[in-house]
Structure formats: structure tokens, C-alpha cells
Amino acid sequence: MHATSLLVNALLLGIGATIFMDLVAWVRLRFFSIPALDYRLVGRWMLSMPRGQYAHQTIMQSPPQPFEHSIGWVAHYAIGVMLALLMLAVTGPDWLQNPTILMPLVIGFLSLGFPFFLMQPAFGFGIAAAKTPAPKIARIRSFIAHMSFGLGLYLTGLCLISLPL
């Protein structure tokens with residue numbers, strides 16, 4: 001597979017999987033009143049980094065930043081694309097010819113390392129949300145979100161079979 005084709009497929013896979021993840025989050029909010037991560041916080045965190053602030057007492061008390069909402073959402077989708085590219089680097093392009101569910105679920109599970117060990121501590125929530133009022137609930141929500149991303153990788157891969165890329 002040509003590098004350009006690999007990048008296009010990673011882009012499509014990552015965007016498709018992230019859309020699926022967001023659809024699951026919307027269903028959880030709409031029907032079960034379970035909120036998802038506010039991506040403004042991701043944007044706020046990223047915008048604080050150039051000023052040398054990588055961690056917050058609690059990011060919710062940090063002042064809002066211009067464009068944090070847009071930057072957070074762009075980062076959310078960019079991370080999805082990077083994870084799709086990582087999966088294709090591990091599986092090889094043959095996965096696109098015959099998508100299987102195991103590797104996407106492994107990627108979804110491994111991606112839990114981002115919130116548990118990087119973002120939540122940096123936001124002031126502790127490792128794996130240990131400093132939040134309900135750590136177990138926060139962990140379960142992260143697990144569902146990231147596993148839905150993995151399922152989205154698989155389902156998007158199935159959809160891409162019919163595209164001539």
C-alpha cells in the first residue's frame with residue numbers, strides 16, 4: 001500500500017471511529033443523562049502548555065482560554081487519527097482488506113492510558129480519576145468511551161472495504 005493511501009485510510013478510520021465514539025457519547029447523554037468529557041478542558045490544557053503549565057490543581061478552576069472549545073475538538077479527532085495510524089502500523093495494511101475486531105479493541109483499551117495516566121492527572125483529577133468524587137464511575141465512563149472508539153475502528157474498517165482507496 002502506498003504511504004498516501006495508508007494516511008488516507010488512517011484519516012478515514014480515525015475520523016469514523018471518533019464519530020462513532022461521539023455518537024455513543026450522545027446516546028449516553030440523551031437517553032441516560034451521562035455526560036461525556038467536555039473537550040473545552042482538553043483545549044484549555046493544550047493552550048496552557050506553551051506557557052509552561054502542563055498540570056493544574058484542577059483545570060475546571062483554570063481560566064477559560066480563547067478557542068479552547070475548537071482546539072479541544074480538533075485535538076480529539078487528531079488523536080483518533082493518530083490511534084488509527086498506530087493500529088495500521090501494527091497490523092499492516094492487510095487489516096483493511098479483512099478487518100477483525102481484536103486489534104481495534106486492543107487499541108481502544110490501550111488508549112485508556114491517555115486519560116488515566118496523562119490527562120486526568122494533568123487536569124488535577126489524579127491517576128485514573130482517583131481525586132474525583134466518584135473515581136469508579138469516571139473510570140467506567142472512560143472505559144466505555146475508549147472501547148466504543150475501538151468498536152468504531154472496526155465498524156469503520158468494515159465500511160471502508162467497499163471504498164476504492
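Helices here are DSSP runs of H or I at least four residues long, numbered from the N terminus. All the close-ups below come from a predicted model, and the loop between α5 and α6 makes a good place to begin.

**Close-up A. Ala128, in the loop between α5 and α6, has a positive phi.** The phi of Ala128 is about 50°, although this residue is not a glycine. Most residues other than glycine have a negative phi. Is Ala128 buried or exposed? Its relative accessible area is 11%, which means that Ala128 counts as buried.

**Close-up B. Ser33, in the loop between α1 and α2, also has a positive phi without being a glycine.** Here phi is about 55°. Helix α1, which spans 3-32, comes before the loop that holds this serine. Ser33 has a relative accessible area of 59% and is therefore exposed.

**Close-up C. Helices α5 and α6 cross obliquely.** The axes of α5 (residues 113-122) and α6 (residues 135-160) come within 11 Å of each other and cross at roughly 120°. Because roughly perpendicular stops at 115 degrees and roughly antiparallel needs over 145, this pair is classed as oblique. The contact brings together Pro115, Phe116 and Gln120 from α5 with Arg139, Ser142 and His146 from α6. Sorted by class, these residues are 2 nonpolar, 3 polar and 1 charged. The crossing of α5 and α6 is right-handed.

**Close-up D. Helices α4 and α6 pack roughly antiparallel.** With their axes 7 Å apart, α4 (residues 102-110) and α6 meet at an angle of about 150°. That angle lies over the 145-degree cut-off, so the pair counts as roughly antiparallel. From α4, the contact uses Pro104, Leu105, Ile107, Gly108 and Phe109; the α6 side includes Phe143, His146, Met147 and Phe149. Further along α6, Gly150, Leu151, Leu153 and Tyr154 take part as well. What classes of residue make up this contact of α4 with α6? There are 10 nonpolar and 3 polar residues, and no charged ones. The crossing of α4 and α6 is right-handed.

**Close-up E. Ala122 of helix α5 is buried.** The relative accessible area of Ala122 is 7%. Leaving aside residues up to four places away in sequence, this alanine touches Trp45, Tyr54, Ala55 and His56. Have a look at Thr58 too: it is 64 residues from Ala122 along the chain, yet the two C-alpha atoms are separated by 8.3 Å.

**Close-up F. A salt bridge joins Arg44 and Glu68.** The distance from N to O in this pair is 2.8 Å. Which helices does the pair link? Arg44 belongs to α2 (residues 39-48) and Glu68 to α3 (residues 68-91), so the bridge connects distant parts of the chain, 24 residues apart. Both Arg44 and Glu68 are buried.

**Close-up G. Arg40 and Asp38 form a salt bridge of their own.** Side chains of opposite charge can pair when their charged atoms come close. In this view, the N to O distance between Arg40 and Asp38 is 2.8 Å. Arg40 is partly exposed, with a relative accessible area of 38%, and Asp38, at 29%, is partly exposed too. The count for the model comes to 2 salt bridges.

Notes. Residues are numbered from 1 along each chain as its sequence is written. This is a predicted model: local features need pLDDT of at least 70, side-chain atom pairs count only at pLDDT 80 or more; totals for chains, interfaces and linings use all residues. Side-chain values use heavy atoms; hydrogens and water are left out. A salt bridge is a side-chain nitrogen of Lys or Arg within 4 Å of a carboxyl oxygen of Asp or Glu. Buried means under 20% relative accessible area, exposed over 50%, partly exposed in between (1.4 Å probe, protein chains only). Helices (H or I, at least four residues) and strands (E, at least two) are DSSP runs, numbered from the N terminus. Axes are lines fitted to C-alpha atoms, for helices over the stretch in contact, and angles run from 0 to 180 degrees between N-to-C directions. Angles under 35 degrees count as roughly parallel, over 145 as roughly antiparallel, 65 to 115 as roughly perpendicular and the rest as oblique. A crossing is left-handed if the near helix is turned anticlockwise from the far one by less than a right angle, and right-handed if clockwise. Contact means heavy atoms within 4.5 Å. Ala, Val, Leu, Ile, Met, Phe, Trp, Tyr, Cys and Pro count as nonpolar, Asp, Glu, Lys and Arg as charged, and the others, Gly among them, as polar.
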